[in-house]
Amino acid sequence: MKKIAVLIIALLSVSLLNAQSFFSLGPKVGFTTTTLTTDKYQIKEAFAANIHGGIFLRLGNKVFIQPEANFTTKGGIFSQNDFFHTREIELSTVEIPFLIGSKVLDLKAANLRIMIGPSMSFILDKDIVMRDSFERLDPEKIKDAMWGIQSGIGLDVLMVTLDVRYEIGLSNISAIEGIELRNSLFNVSLGWKIF
């Protein structure tokens with residue numbers, strides 16, 4: 001029993017030291033809802049839900065920078081009253097946000113953070129389907145990269161980190177003349193600081 005108590009105290013001590021460190025690195029996974037918005041009022045938009053995963057690096061203490069590399073699926077669902085089929089666009093991306101943040105509440109074992117910064121996404125695969133049909137639309141009608149701005153809040157408790165963010169799309173990803181498409185998303189992620 002004493003050995004277990006000593007082990008628990010040792011793990012908590014290491015976790016407390018790491019929680020206050022200048023350098024943090026670790027994996028993260030989470031849930032994403034994403035949508036593509038268009039400038040065409042007659043087209044109805046809907047959210048698509050996905051999961052994401054990646055790795056984060058955090059440098060700093062009171063003020064920090066946090067670059068990440070995440071694999072996530074973006075896109076959305078469209079329908080139009082005079083169209084028979086609903087179009088669903090799935091974009092498999094490598095997303096690289098570069099965030100600047102600050103701790104607004106800093107306790108020894110926990111802290112509350114705010115963050116904001118640009119996000120670049122490289123599209124690896126484009127799947128554009130019409131529901132109830134085997135037809136595929138031309139992937140070349142979607143550009144290969146997109147920019148956005150992410151902002152959100154985060155909570156760290158010892159080695160566990162929780163982020164909640166919203167991204168607004170800045171770039172038009174449509175290659176179709178006269179149609180604009182911009183991606184926006186909301187995500188919740190859970191990470192583990194291994195350093």
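Here are some worked exercises on this predicted model.

**Exercise 1: the nonpolar core**

Task: Find which residues make up the largest nonpolar core, and which strands each supply at least two of them.

Solution:
- Start with the members: the largest nonpolar core has 10 residues, namely Leu36, Phe78, Ile89, Leu91, Ile123, Ile128, Ile142, Met146, Ile173 and Leu181.
- Now place them on strands: at least two residues of this core come from strand 5 (87-106), and at least two from strand 6 (110-130).
- Zoom in on Leu36, setting aside neighbours within four places in sequence: Leu36 is in contact with Glu45, Gly75, Gly76, Phe78, Ile89, Ile173, Arg182 and Asn183.
- For background, nonpolar side chains tend to be buried together in soluble globular proteins.

**Exercise 2: strands 5, 6 and 7**

Task: Work out in what sense strand 5 and strand 6 pair, and over how many bridges. Then do the same for strand 6 and strand 7.

Solution:
- Take strands 5 and 6 to begin with: they pair in the antiparallel sense, over 17 bridges.
- Look at how they connect: three residues form the hairpin link from strand 5 to strand 6.
- Pick out some partners: Asp106 has Asn111 in strand 6 as its bridge partner, while Glu88 stands opposite Val129 in strand 6.
- Move on to strands 6 and 7: this pairing is antiparallel too, with 13 bridges.
- Come back to Asn111: facing this residue in strand 7 is Asp156.

**Exercise 3: Gln66**

Task: Decide whether Gln66 is buried or exposed, then list what surrounds Gln66.

Solution:
- Locate the residue: Gln66 sits in strand 4, residues 63-80.
- Check accessibility against the cut-off: buried means under 20% relative accessible area, and Gln66 has 1%, so Gln66 counts as buried.
- Collect the contacts, again ignoring neighbours within four places in sequence: Gln66 is in contact with Phe56, Leu57, Arg58, Pro97, Phe98, Leu99, Arg113, Asp163 and Arg165.
- Add the side-chain pairing: the side chains of Gln66 and Glu68 make a polar contact at 2.7 Å.
- Compare sequence with space: Ser24 is 42 residues from Gln66 in sequence, and their C-alpha atoms are 9.2 Å apart.

**Exercise 4: Thr33**

Task: Say where Thr33 lies and which residues Thr33 touches.

Solution:
- Place the residue: Thr33 belongs to strand 1 (residues 23-38).
- Apply the 20% cut-off for buried: Thr33 has 18% relative accessibility, so Thr33 is buried.
- List the touching residues, not counting those up to four places away in sequence: Phe47, Ala48, Ala49, Ser184, Leu185 and Phe186.

**Exercise 5: an unusual phi, and some rings**

Task: Find where Leu158 lies and what phi Leu158 has. Then ask how many aromatic pairs the structure holds.

Solution:
- Recall the background: most residues other than glycine have a negative phi.
- Read off the angle: Leu158 is not a glycine, yet has a positive phi of about 55 degrees.
- Find the setting: Leu158 is in the loop between strand 7 (145-157) and strand 8 (160-169).
- Check accessibility: with a relative accessible area of 23%, Leu158 is partly exposed.
- Turn to the rings: the structure has zero aromatic pairs.
- Look for a charge over a ring instead: the charged end of Arg58 sits over the ring of Phe64, 5.5 Å from the ring's centre.

Definitions and conventions. Residues numbered from 1 in each chain as written. Predicted model: local features only at pLDDT ≥ 70, side-chain atom pairs only at ≥ 80, totals over all residues. Heavy atoms only, no water. Core = buried A, V, L, I, M, F, W, Y, C linked by side-chain atoms within 4.5 Å. Buried < 20%, exposed > 50% of the residue type's maximum accessible area, 1.4 Å probe, protein only. Helix = DSSP H or I, 4+ residues; strand = E, 2+ residues; numbered from the N terminus. Contact = heavy atoms within 4.5 Å. Phe/Tyr/Trp six-rings, centres within 6.5 Å; stacked < 30°, edge-to-face > 60°. Lys NZ or Arg CZ within 6 Å of the ring centre and 35° of its normal. Pairing = 2+ DSSP bridges. Polar contact = N/O pair within 3.5 Å; in protein donor to acceptor, adjacent residues only side chain to side chain.
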